[in-house]
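Grab your viewer and work through these short exercises. Each one comes with a solution, so try it yourself before reading on.

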Amino acid sequence: MSNHLDLVIKNGKVVFPDGVKTKDIGVKAGKITAIDDQINLPATQVDNAQGLYIFPGAIDVHVHFNEPGREDWEGFTTGSYMLAAGGYTSYFDMPLNGIPSTTNLRAFQEKNELAKKKSVIDHYLWGGLVPGNIEDLSNLASAGVVGFKAFISDSGNEEFSAVDDDTLIQGMKEIARLDKILALHAESRTITNFLTAEKIAQQKLSADDYLTSRPIVAEVEAVHKALTYAEVTGCPLHFVHISSPQAVEKIREAKRKGIDVTVETCPHYLLYSHSALQTKGAVAKCSPPLRLEKERKQLIQLLCDNEFDIIASDHSPAPFALKDPVTHDIFSAWGGISGGQFTLLSMLELVKKHNISLEIIADWTALNPAKRFSLDGKGKIDIGYDADFAIISLDKETVVSPYNYYAKHKHSLYEDHCFPCSVLRTYNRGNVVFDESKVRTTSC
């Protein structure tokens, strides 16, 4: 019985860090125990992946599931299943939208217990850096937060205040001491608040006005300040949802200087431009905003040049009432893109359009997150690693609809988007957490 496996996945095109190879994969007790041309050992379950691609289970380092306190926006149950449907087997939940926010040990413990009970895939939690909680960071680090998140601009929630300069530099010093990473929403609060107040006072409330109220210079200024503080404190940084080529260039320069920094962008900045906000309204509102088409194309080129370390969703859902154009203008509507299910599919769409290798996609969505945040047993398909897999068809199309989008609220920027690929099954630690054949789907 010792040779009896729990699962064998046969004949799949396995995406390894060094290339794609047709292999069988054997799994026992949630771990990969064998990889070979053929595995003929008896198994409880056999999955024939002939003609399909097997990616390492993806890791989304940036989602907002809002529990406790705002489960009506999204919760661990719906949010984690939605990610599983997108080929994801792990996620990092952000600290700001819960009530209370995850800024002290008690709040962390409350949220962690909820995630343990409700999540269908593996979870990790960010802690928050806010004015007044630097003394809490050590307890949060000991409890197991994956890192800390701070806002240089306003977060949009009263429960989670933006950092002032003193909190930022003192917090970075402490986070460096704790050997953790600080993730930053990098937009200048001074610039964005000043421009937003001017627009509202003048009743300039169009999509174009929203774009110009959060200019690229606000992102670049905040990135520059944080990198300067990192040089002083030695704090490792991770910039979330970077939206402009100018900010990427600042980060690239810092890497050349030896500063410990990584950069993330999101699929909505790569697939969509400002015209989506003009035509679709608040469903396409986020901060930083979707940029002009010329800047989107520049981001695509930076992606092709492998200048981004991680691709994450920034899944930030809300009930439709908070975006309803009948009651909200573009400034008062909640800002956030709902679409965590579609990050891996978005990257695979770009594979076909821009000749990007599948191994690099796996790096951005699995290997690099696991390396950056020291996730043992995660990020690649190898013996001894967790049996986390996304089984993908690159031939079967998927059109996004309320029937196959599993977030709590179905309104999304991605609705009606046609992806040239599909997630068929997702395994987390050897267990099926999503099976497309058992749910209703729509094709293009």
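**Exercise 1.** Which residue just after α1 takes a positive phi?

*Solution.* Keep in mind that this is a predicted model. Step along the chain past the end of α1 and you hit Gly87, whose phi is about 90 degrees.

**Exercise 2.** Work out how covered helix α1 is, and by what.

*Solution.* Start with the count: of the 10 residues in α1 (76-85), seven are buried. Next, name them: Phe76, Gly79, Ser80, Met82, Leu83, Ala84 and Ala85. Finally, look at what sits over them; the cover includes the strands β6 (58-63), β7 (88-93), β18 (422-428) and β19 (431-435), plus helix α2 (105-118).

**Exercise 3.** Decide whether His409 is buried or exposed, then list its partners.

*Solution.* First find His409 in the loop that links β16 (398-399) to β17 (418-419). Its relative accessibility is 19%, and the cut-off for buried is under 20%, so His409 counts as buried. Now for the partners: skipping residues up to four places away in sequence, His409 touches Asp72, Trp73, Ala318, Pro319 and Ser338. With Asp72, a polar side-chain atom of His409 lies 2.5 Å from the backbone oxygen.

**Exercise 4.** Map the largest nonpolar core.

*Solution.* This core has 101 residues, and Phe55, Leu182, Leu237, Phe239 and Leu348 have the most contacts inside it. Helix α7 (216-233) gives the largest share, eight residues. Then zoom in on Phe239: beyond four places in sequence, its contacts include Leu184, Val223, Leu227, Ile251 and Val263. Apart from the largest core lies another of 19 residues, including Ile59, Leu96, Val146 and Val240.

Key:
Residues numbered from 1 in each chain as written. Predicted model: local features only at pLDDT ≥ 70, side-chain atom pairs only at ≥ 80, totals over all residues. Heavy atoms only, no water. Buried < 20%, exposed > 50% of the residue type's maximum accessible area, 1.4 Å probe, protein only. Helix = DSSP H or I, 4+ residues; strand = E, 2+ residues; numbered from the N terminus. Contact = heavy atoms within 4.5 Å. Core = buried A, V, L, I, M, F, W, Y, C linked by side-chain atoms within 4.5 Å. Polar contact = N/O pair within 3.5 Å; in protein donor to acceptor, adjacent residues only side chain to side chain.
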